[in-house]
Amino acid sequence: TRWSRAILASHHRRIQAARRARLREPTSPPSRHPSSPCAKGPKAPALARKAKVLGRLVPGCRKLPFPALLAEASDYIAALEMQVRAMTALAEVLSTVSASTSAASDSSGGSSSPA
């Protein structure tokens with residue numbers, strides 16, 4: 001999907017930018033002009049504003065047409081849900097292993113008294 005390629009590309013760009021930054025001296029950040037011509041402001045339709053925000057949230061989808069943006073966003077949400085499930089399962093396994101390891105070390109140490 002487009003968002004997964006964008007994540008990989010941004011990681012690669014970040015590494016290259018860090019290398020370039022080490023080679024040159026630090027400079028002041030560019031000034032931001034609030035009155036830029038590309039800022040539409042509150043006059044843009046609500047759906048267009050929300051689509052623009054969604055395009056910023058999904059990596060690599062800033063300039064996609066709306067139907068393609070929705071398809072990429074749904075794939076991205078599904079991938080994030082799977083990551084959350086995997087991390088939750090991993091956290092449960094690690095906490096179980098940690099609890100059983102600490103219980104085993106307590107019983108082998110002989111310092112615990114029977115209840």
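Two residues are said to be in contact when heavy atoms of the one lie within 4.5 Å of heavy atoms of the other. In the predicted model described here, Glu72 is in contact with Thr1, Arg2, Trp3, Val58, Cys61 and Leu64, once its neighbours within four places in sequence are left aside.

The chain as a whole contains three helices and zero strands, and the order of its elements, read from the N terminus on, is α-α-α. Of the 115 residues in the chain, 12% are buried. The chain exposes about 9,800 Å², and 63% of this area is supplied by carbon and sulfur atoms. Among the contacts in the chain with a separation of 6 or more, 42% are accounted for by residues that stand 24 or more positions apart.

Glu72 has its place in helix 3, which spans residues 66–109. This glutamate is buried and yet has no salt bridge, for the nearest side chain of opposite charge, that of Arg5, is 5.9 Å away. A salt bridge requires a side-chain nitrogen of Lys or Arg within 4 Å of a carboxyl oxygen of Asp or Glu, and the distance of 5.9 Å to Arg5 is therefore too long to qualify.

The largest nonpolar core is made up of nine residues, namely Trp3, Ala51, Val58, Cys61, Leu64, Leu69, Ala73, Tyr76 and Ala79. Helix 3 gives the most to this core, with four residues. One of the core members, Tyr76, touches Trp3, Ile7, Leu57, Val58 and Pro59 when residues up to four places away in sequence are not counted. Trp3 and Val58, which belong to the core, also appear among the contacts of Glu72.

Another core member, Ala51, is found in helix 2. Ala51 counts as buried because its relative accessible area is 16%, and buried means under 20%. With residues up to four places away in sequence not counted, Ala51 touches Phe66 and Leu69. The C-alpha atoms of Ala51 and Leu69 are 8.0 Å apart in space, although the two residues are 18 residues apart in sequence.

On the surface, Leu47, Phe66 and Leu70 make a nonpolar patch of about 280 Å². Leu47 has its place in helix 2, which covers residues 46–57, whereas the place of Phe66 is in helix 3. These two residues are 19 residues apart along the chain, and their C-alpha atoms are separated by 10.0 Å. Leu47 is classed as exposed because its relative accessible area is 56%, and exposed means over 50%. Phe66, in turn, has a relative accessible area of 35% and is therefore partly exposed, since that class lies between the limits of 20% and 50%. Phe66 thus takes part in the surface patch together with Leu47 and Leu70, and Phe66 is also touched by the buried Ala51.

Methods: Residues numbered from 1 in each chain as written. Predicted model: local features only at pLDDT ≥ 70, side-chain atom pairs only at ≥ 80, totals over all residues. Heavy atoms only, no water. Helix = DSSP H or I, 4+ residues; strand = E, 2+ residues; numbered from the N terminus. Buried < 20%, exposed > 50% of the residue type's maximum accessible area, 1.4 Å probe, protein only. Areas by Shrake-Rupley, 256 points an atom, 1.4 Å probe, with all protein chains shown as cover. Lys, Arg positive; Asp, Glu negative; His and termini not counted. Patch = residues over 30% accessible without salt bridge, like charges linked within 9 Å, V, L, I, M, F, W, Y side chains within 5 Å. Core = buried A, V, L, I, M, F, W, Y, C linked by side-chain atoms within 4.5 Å.
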